[in-house]
Protein chains: 4
Amino acid sequence: MTKKTLVGNINPEVLTFTVGKDVMLDLVLAEADCIGTAAHVTMLSKMPVKPAVITATERKKIIKELVNVLARVREGSFEIDVSDQDVHMALERELTTTLGDLGKKVHTARSRNDQISVDLRLYGKEQLIQMMKEVLALSGELLRFAFKNSSVPMVGRTHLQPAMPSTVGLWASAHAESLMDDMTVLKAAFDFNDRCPLGAAAGFGVPAPIDRKLTSKLLGFAEPVHNVLYATSSRGKCETVILSAIAQVMLSLSRLAEDIILYSMPEFGYFSLPEEYCTGSSIMPQKKNPDVLELVRAKSSTVHGYLVATMGIVNGLPTGYNRDLQETKEPFLEGMHVTRGCLRIMATMVKKMKADKKALKAGFNSDIYAADKAMELVAKGVPFRDAYDHVKVHLKELKGQNPSEVLKNRNHLGAPGGLDFDFLAARIETMKQQVRGNSRRYHNAISKLLGVKYPSLERG
Amino acid sequence: MTKKTLVGNINPEVLTFTVGKDVMLDLVLAEADCIGTAAHVTMLSKMPVKPAVITATERKKIIKELVNVLARVREGSFEIDVSDQDVHMALERELTTTLGDLGKKVHTARSRNDQISVDLRLYGKEQLIQMMKEVLALSGELLRFAFKNSSVPMVGRTHLQPAMPSTVGLWASAHAESLMDDMTVLKAAFDFNDRCPLGAAAGFGVPAPIDRKLTSKLLGFAEPVHNVLYATSSRGKCETVILSAIAQVMLSLSRLAEDIILYSMPEFGYFSLPEEYCTGSSIMPQKKNPDVLELVRAKSSTVHGYLVATMGIVNGLPTGYNRDLQETKEPFLEGMHVTRGCLRIMATMVKKMKADKKALKAGFNSDIYAADKAMELVAKGVPFRDAYDHVKVHLKELKGQNPSEVLKNRNHLGAPGGLDFDFLAARIETMKQQVRGNSRRYHNAISKLLGVKYPSLERG
Amino acid sequence: MTKKTLVGNINPEVLTFTVGKDVMLDLVLAEADCIGTAAHVTMLSKMPVKPAVITATERKKIIKELVNVLARVREGSFEIDVSDQDVHMALERELTTTLGDLGKKVHTARSRNDQISVDLRLYGKEQLIQMMKEVLALSGELLRFAFKNSSVPMVGRTHLQPAMPSTVGLWASAHAESLMDDMTVLKAAFDFNDRCPLGAAAGFGVPAPIDRKLTSKLLGFAEPVHNVLYATSSRGKCETVILSAIAQVMLSLSRLAEDIILYSMPEFGYFSLPEEYCTGSSIMPQKKNPDVLELVRAKSSTVHGYLVATMGIVNGLPTGYNRDLQETKEPFLEGMHVTRGCLRIMATMVKKMKADKKALKAGFNSDIYAADKAMELVAKGVPFRDAYDHVKVHLKELKGQNPSEVLKNRNHLGAPGGLDFDFLAARIETMKQQVRGNSRRYHNAISKLLGVKYPSLERG
Amino acid sequence: MTKKTLVGNINPEVLTFTVGKDVMLDLVLAEADCIGTAAHVTMLSKMPVKPAVITATERKKIIKELVNVLARVREGSFEIDVSDQDVHMALERELTTTLGDLGKKVHTARSRNDQISVDLRLYGKEQLIQMMKEVLALSGELLRFAFKNSSVPMVGRTHLQPAMPSTVGLWASAHAESLMDDMTVLKAAFDFNDRCPLGAAAGFGVPAPIDRKLTSKLLGFAEPVHNVLYATSSRGKCETVILSAIAQVMLSLSRLAEDIILYSMPEFGYFSLPEEYCTGSSIMPQKKNPDVLELVRAKSSTVHGYLVATMGIVNGLPTGYNRDLQETKEPFLEGMHVTRGCLRIMATMVKKMKADKKALKAGFNSDIYAADKAMELVAKGVPFRDAYDHVKVHLKELKGQNPSEVLKNRNHLGAPGGLDFDFLAARIETMKQQVRGNSRRYHNAISKLLGVKYPSLERG
């Protein structure tokens, strides 16, 4: 017994296994599939062949139908059947149902290989834009928290042991800068992704005068991937580049989460969250747990696992499409989804978090001033290593001091007293503008392609 | 605005984030949760306190209701709501709805921490039993294929280059033995998992005379985890042990898949699969692709990713329950699910696979007999290294031979002509008996506990 | 320009690249290579062919020379040259230098593939024996620390927040039990490893009546790997099995390290280490840092990285030897080396560690008794969930209590007051006996094979 | 018994464990340590304090001595002792030996934390510059090979099965473009790394008016890391960013290696390597194995393992220096070393590789023209899906064709007949110029700082 598909009869057990979760996962890509198809069809309608594969009138019909499907995707009424195998065949089936023979023409001069590649890159682009906005939003919250508490003393630690006087401002803006740094990597991933694989077909091009620069432009890409074989082989690779970038974001979040978990233990009490942002225990009535932070910390490893899976799949894979690549879809989509969820909830947590000045001050003991004492001796001309040795022997004689006073001596660039909040805020603002620019350029291209305002789908 | 849960009011955004996919994932564990609860309640009913927390009659009532819920779980009519947070609270809500105050008693002297731990171990046990059966089934298919083609010549390769004469029998039974070896590791994971954490509560025990040996016995475990803190800390760890074991199975499958992919290329044509076990292309009408095998190869990396995620989560985690552990649930459940799916489909593939004797023989050239030639010289008293050097210089003089004749000289244990199929088949049979024994012991215990035949739920 | 090797002329750049670190790494395997060669030669001398490949007298000569080499390996005077490529060719060169044509015979009927496989399994066996001893030694130290502080109160935490009253005894013996559990996995790895690949040659056996059961027995293995192709393919796989097992040990150590790092912060001060077991800072004279523990925590990730590397290499590798496997050598050898170093230093740390009873008691606040209060109400007949709700509303009324008194109510199996130290100590002792048995059996076999006492090499 | 170090007395076992391989690994960083120290000292000499910590004359003395040490590092006569612990203390000891009290001053206002961070970033910068040159060199070789064989037909495959007509030019330039794409990611890593952490001291700055912009400029960095706490926390993170980038390079290489391994099997014979670039077997005199390629394929997983280790170490680490970070040193240094070795050897392999036109053409069968046939029907007005169905039913009727003729129809951008070699070569050239610019700017800065020509160390 076999099951009929658009591309042949398949044993049902095999069909179920090979389709896997695609029936569900591909729904996420349906919007991109409509957009990619619109560009492909537009290009076909301009291809210099006679008779035209698709006429200008036919193009309009198809695009109108694609916008309809797109609207249904958003409503949740578009479905993929197992016998479709994937979103591409489901869309072709859909178009053939509504447009008849015209629907059978849309797959001319393309393959599901370049189609899925372009879908993933379009989807990835939108996700990266949103993610970068969220990274900057969280950085902004951290910076606000830092500014608000810029001179609140906090024990600076190395090896988790008290080390030197520091401030809440330094602590919070360190996390902000980590995320701002991640933007470099996200931006590189965005650029890596911003090239169009369409027209590669199965990886060897097509015997037809397609215009790959046109489809690339219609879809708002920077340029086409050049080599068609690489265009399909870059699938999977592109995903690992993006997952590597978001793994950096998760590393930043995991450390922020760890710090807050630690410093909201009652033995520190530095930071606290409103009760309704914590969760309770089923057996211990008194519990108020930082579950959100623990989950964020854990989800960093989840995303690393996705990266490892994807790298493992791509590693040593012969060039030319291999079905292995389907298996990169879930870690890729989930990786972006998980990371964005963490970014948003952390922005909420930081916004709601309070610093307890009294508790923060209580953490200071006299030892923490040892390095300052050594530097005092240095100022008097003692070579540093001798000053260090002297203080080490006379540790007991160190006196408690007012941390705020001591902190006043740390004014150099980036030190607790030398943080340039205006500079940091300006850096965030510049990056925001860049992201908005990318977003606008992309959405304008798609709006023009579809003839409706995108992403809202309002007709002009 | 907050949302009421059984354990406190929570901000809805936080609730959604912390619950995550548990509403869906926990359904898989609902059966185990009913069983674990039945054992706990039975133990409570025998606890030497006055008044009894739960009477013998009450116990019967609860267990009857648990069997009802269990039946509904199987029908698909049991549901977990976001405000339940997880299966445990959903079940408690369910029992409280049907049994009133009696339902509120079932959580006495336990915590969701030990409850989820026992659920995961029960579920893992059932999955491992099924998986071991599937590993042995695939080994059996491979052995049958090997036996059937035991003397069919096949080029033996190292570095993928032709090396020495070999047989299809050697090739197929090598894969069988790899899987049989994996049973050692699966068995160790089974034993690691086969200890009962129930009674650990939140990791510090309870101020009540609970009988942990009794619950362990009721649930068919080998013994309780001793230390209650370790009982909760072993969550996550136990999952990594099991994922490590199934990662071995996937390694074996990935290599089997790789071999068949390679050797079913037309340039070899050694093995072939019926058309309906392959899939086609959307653009190339002639294609017959080994998609199943490619997906199996890729899924091995997927499972490795799950292992990495889980190890990363557990690594360096402070003892005592941390919410991070929730994040190990999906990779654990998915890891077992993915692996079992691969095992089953590979058994089908191997069963359907055909060896093409002509193509296999065509692969032999004269070079492949070089080592045999050297051994001939050795037999005449030439030191091996001199014989080797002699043959290397006179490679061109090597003659083509009948591979079957040459193979006759390889009769020692485990060589192409020295495979002991009876021994291997007996080894599989012994392992099957062991697995069946484990399965029977476990199901008998649960049948006794629930008072209905398990897993069928037929009432006696 | 090329460079002459025993197996052909090679471009020097290629030779350097392919040999890689083997010149250094293989020195570690030189001892195993001598032993494996002794077994192979002994078997050859008993092979039923005429003329004998190696006579009984020749066997004695070779083995005597192998013992000499072995002694030189231990002195550090045995060297591997780049043109040797590896330890096997270095040893053959050595034997040929001292024994002439007799040396050229030792490689009869074997390949470097089965030779390196047997070397790695012999080395792995010795390492696992030592490692298991070290795991049990550290478990023993933890148990002693637990017993000594069995009734010292310690705040039990979940989510790092205070949860329930607990003890240092529970905490320390939880870590001990984790390591004892790891022994299950180590034991499985030991058994997996305990089969002899010798005689597989390049993976296809040899055209000679070799006796693989004999070599297996001579080397103290449980039995031969059966299928010769699998015997070579199991290289890499065997390493991942062992690395998975030791990754578990490292997970246990990482959590122990994390706990001590946390609880030796001055805000807790629960545990302390002598000053000379900590390290200082180059700039802060007062610092006393738990560097050892931080490194142990980090090295757990190092070992996970080794596991990922090795799994990645083996994944999807075609059967038959591939040079990729050479690259598993370093992570395998380093993984075992790193783990053993951590085990030994942690035993020292635990031995030197002191618990500060006053600081431990100071951590208790009244909230921690909430669950106990709920259980008190349960004892009076209140359904648990109602008792829980009641206590939650009246948290402020909870009174501080003497933790030692409260702990007395936790007497059930494995609870703070119910730890069975005799049972745990007996479990360790049983495992020690097993390891010693394995060690003895192995060393006796080698002593018999070499004709000198092994491992001491004293002549009888 | 303890051992004296510059920063306190330490138990020798602890010292050995904590120092680990640093005595060896740090030698690689000695050059960067001298350079970083030169910048720090120069800045100290300009610090507006009285008395000056270091005078202009003293600065000259120190820098002269640093250049001497640097020369000794290159000769191999600079050594690190275990009691030094690391390169920083070794250098301080060295300077103190030769310069007396002046040597004791160099550590004023810095910590080993910012010192090692700056060392790693300087070293990483140099390595990335060299690596980018090597990536471009290999891309160039691949492009030359592609150009030379641009019209040589080669079976294009998907799922490894013959799919469509293609060329060696497409195949080779696909690999070239993959590497060129990697340059995006390497460039982002370079920029991420190109910020100066010096002056962060232990992560909290120093109570002195240091000029962090000056040291940044002296060392040729783009700008300082702003926040001093982030400056130290970015250690480890920066390494993971670089390792992620080079993991991409290794992914590209692993696929190139896999392709050549496959297509140099005698069943294909598409590509061949000179005998001296292959290695032989110890038992099979005829073998000619692609060991280099197998090792490159494997080393990709090795590098992934390094990435996983490093990410695991950084993940969830509390801010502020933790000794865990030391453990990122080896995977970081080794990762760069391994990748560069693979790049260089692959350039050699590609240079030496020959394409066998006859063998390449022999791979074509008639099925491969199926998609072209369907496109012919489309050109006649048949909807694509109908054309596809028609061809699928009439596969047997397809005729063999001259692949070169068929390929002529694939002229669009990036297709086998539409590769724009000038465009690709120009892209490589542009990137080369950028890398050279970065290299020049960096070396000029260091030359100016040291007062000698860098990297040659010739005195002006």
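Contact here means heavy atoms within 4.5 Å. With that in hand, 100% of the interface residues of chain C turn out to be interface residues in chain D as well, so the copies meet through the same surface. The model is a predicted one, in which local features need pLDDT of at least 70 and side-chain atom pairs count only at pLDDT 80 or more, while totals for chains, interfaces and linings use all residues. Residues are numbered from 1 along each chain as its sequence is written, chains are lettered from A in the order in which they are written, and side-chain values use heavy atoms, with hydrogens and water left out.

Superposing chain C on chain D (by least squares on the C-alpha atoms of residues with pLDDT of at least 70 in both) takes a rotation of 180° with 0.0 Å of shift along its axis, at an RMSD of 0.0 Å. The two copies are thus related as by a two-fold rotation axis. In chain C, C:Gly305 has the C-alpha nearest the axis, 2.1 Å away.

Now to chains A and D. Their contact draws 112 residues from chain A and 112 residues from chain D. Together they bury about 9,100 Å², 61% of it on carbon and sulfur atoms; buried area is the accessible area (1.4 Å probe) that two parts lose on being put together, summed over both. On the chain A side, A:Phe204, A:His226 and A:Arg255 lose the most area to chain D, together 10% of what that side buries.

Ten salt bridges (a side-chain nitrogen of Lys or Arg within 4 Å of a carboxyl oxygen of Asp or Glu) link chain A and chain D. One of them pairs A:Lys237 with D:Asp182, whose closest N and O atoms are 2.7 Å apart.
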